[in-house]
Amino acid sequence: MRLPNYVRFRLTGPSKELARSSRVNAYFKRIKDKVMPILIWLASFRVVAWLHESLQNILIGVIRVGPVPRHVSFIMDGNRRYAKKCDMPIKKGHEAGGVALLNLCYACKRIGIKCVSAYAFSIENFNRPKEEVETLTNMFSAKLDEFCDRANTLSDPLYGSRLRIVGDHSLVSADMREKIKRVERLTDNGDDFTLYICFPYTSRNDIYHTVCGSIEKSLADRAYASSLTVAGFTRSMYLEEFSNNCDLLIRTSGHMRLSDYMLWQSHENSEILFTSTLWPDFGFIRLYLALLRWSFFTNIQRYNEMGFSLRRKLYHSLPFVSGHAPVSVDSLPSPPIAISVTGESE
Ligand SMILES: CC(C)=CCC/C(C)=C/CC/C(C)=C/COP(=O)(O)OP(=O)(O)O
């Protein structure tokens, strides 16, 4: 008897399938190792960089025709696996993740997205080895300086951006708190685009702090308590006016969970995208496809809300069906009175 594939896989062990898939992987890795240096060499030519930028601009022009999300959020997962895949130390994986984030911010700003938030460090991440926590904190510090410089350099594409580092800052060092205050002050005037770095952050902690803050204010001021609304409460959360509208949440590297993130900010129409791509590999094209998908479904939903049905419109535009008005359930005559088996009318 020939067993189905999944049973054979279980009974015989994964050896054959794994051997085949590792042969295929090794083959692609050999091709990638040969092609990548050529691509990197080509990218060093100004004309190639110009062509690349122009192509991106065309794609951006196309997507801007439709609706674009106001707030996109990333759970940047997979830096360590990326480092392992590329045979690099873990630190390099996190650095590649930092570069990916800044590149995506540049793309989002050009597309017209008003806010990007990124889960950079969860409160749980303090349980990682001490050296890794230190490496991450030092890298954040360097990246914050870099972002701040770029946001204040007129010729830089990130010029005019605002940076906010949100989370429970009682858990970070006094030096780090100083640095956070400084970079926030230096980017205060940016109004084109806001980047929220969630560090160290969890949604429950955010909600808990906002509730505590509201209780304190209400005890001090009765008028505040009686005028408190959901919108006012939401605005006083860490992500300020963007706390009520995470339109698109993207989590990389294959895990399908929220990890205590964007619990309040996700609204009834938020879209969540889980992708198996590792964070440093998540570049412009992958973001673009995610945005196209979002834009497409948002359009359909808007039309549905307006009572517009593309299918109905197409159907009635056909010459041989035009003239037939759609029949609504309400316009049908009422059904006859139902008689139960015991003979009693209902
Ligand atoms: C501008 C700025 C401050 C940049 C932030 C830099 C950055 C990318 C931080 C992410 C850190 C992090 C804990 C990623 C999760 O990958 P992981 O370590 O869990 O990887 P794994 O899923 O492979 O284990």
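How many bridges join strand β5 to β6, and which way do the two strands run? Select residues 246-251 for β5 and 266-274 for β6. Five bridges link the pair, and the strands run parallel. Keep in mind as you click around that this is a predicted model.

**Stop 1: the sheet**

Now widen the selection to the whole sheet. It is open, has six strands and parallel pairing, and reads β3-β4-β2-β1-β5-β6 across. The edge strands are β3 (161-166) and β6: each has a single partner strand, so one side of each has no neighbour in the sheet. From one strand to the next, the twist averages 20°.

**Stop 2: along β5**

Go back to β5 and colour by accessibility. Six of its six residues are buried, so call this strand mostly covered. On one side there is β6; β1 (71-75) is also a partner. Four bridges join β1 to β5, and this pair runs parallel as well.

Pick isoleucine 250 next. Its bridge partner in β6 is leucine 273, while phenylalanine 74 stands opposite isoleucine 250 too. Label those residues and you can read across the sheet at this level.

Then move to cysteine 246, which stands opposite serine 266 in β6. Is cysteine 246 buried or exposed? Its relative accessible area is 0%, so it is buried.

**Stop 3: the cysteines**

Looking for disulfides? The structure holds zero of them. For cysteine 246, the nearest cysteine sulfur belongs to cysteine 115 and is 8.5 Å away. Because a disulfide needs sulfur atoms within 2.5 Å, that distance rules the pair out. Cysteine 86 is another one to click on: at 33% relative accessible area, it is partly exposed.

**Stop 4: serine 270**

Select serine 270, in strand β6. With a relative accessible area of 18%, it is buried, the cut-off being under 20%. Leaving out neighbours within four places in sequence, serine 270 is in contact with Cys246, Asp247 and Gln265.

Now draw a C-alpha to C-alpha distance from serine 270 to threonine 298. The two are 28 residues apart in sequence and 9.9 Å apart in space. Threonine 298 is one of the buried residues of helix α11, which is where we go next.

**Stop 5: helix α11**

Show residues 284-305. At 1.5 Å a residue, the 22 residues of α11 should span 32 Å, and the end C-alpha atoms are 31 Å apart, which agrees.

Which residues of α11 are buried? Highlight Phe284, Leu287, Tyr288, Ala290, Leu291, Trp294, Ser295 and Thr298. Look down the helix axis: these buried residues fall within an arc of 160°, so they line one face. The background is simple: an α-helix has 3.6 residues a turn, so residues three or four places apart point the same way. On the face turned away from the buried side, you will find the exposed residues Leu289, Phe296 and Asn304.

What do the buried residues of α11 pack against? Turn on α3 (46-63), β1, α5, β5 and β6. For a single residue in that set, zoom in on serine 295: it is buried, at 8% relative accessible area, and touches Gly66 and Pro67, not counting residues up to four places away in sequence.

**Stop 6: helix α5**

Select residues 90-111 for α5. This helix lies across β1, β2 (115-119), β3 and β4 (193-198), and runs at about 150° to β4.

**Stop 7: backbone oddities**

Finish in the loops with the torsion readout on. Most residues other than glycine have a negative phi, and most peptide bonds are trans. Here are some that depart from that pattern.

- Aspartate 87 has a positive phi, near 60°. Find it in the loop between α4 (79-85) and α5, where it counts as exposed at 76% relative accessibility.
- Serine 259 also has a positive phi, about 50°. It is in the loop between β5 and β6 and is partly exposed, with a relative accessible area of 30%.
- The peptide bond from phenylalanine 199 to proline 200 is cis, with omega near -20°. Proline 200 lies in the loop between β4 and α8 (203-220).

Note on methods:
Residues numbered from 1 in each chain as written. Predicted model: local features only at pLDDT ≥ 70, side-chain atom pairs only at ≥ 80, totals over all residues. Heavy atoms only, no water. Pairing = 2+ DSSP bridges. Axes fitted to C-alpha atoms, helices over the stretch in contact; angles between N-to-C directions. Contact = heavy atoms within 4.5 Å. Buried < 20%, exposed > 50% of the residue type's maximum accessible area, 1.4 Å probe, protein only. Expected span 1.5 Å × (residues − 1). Arc of directions from axis to C-beta.
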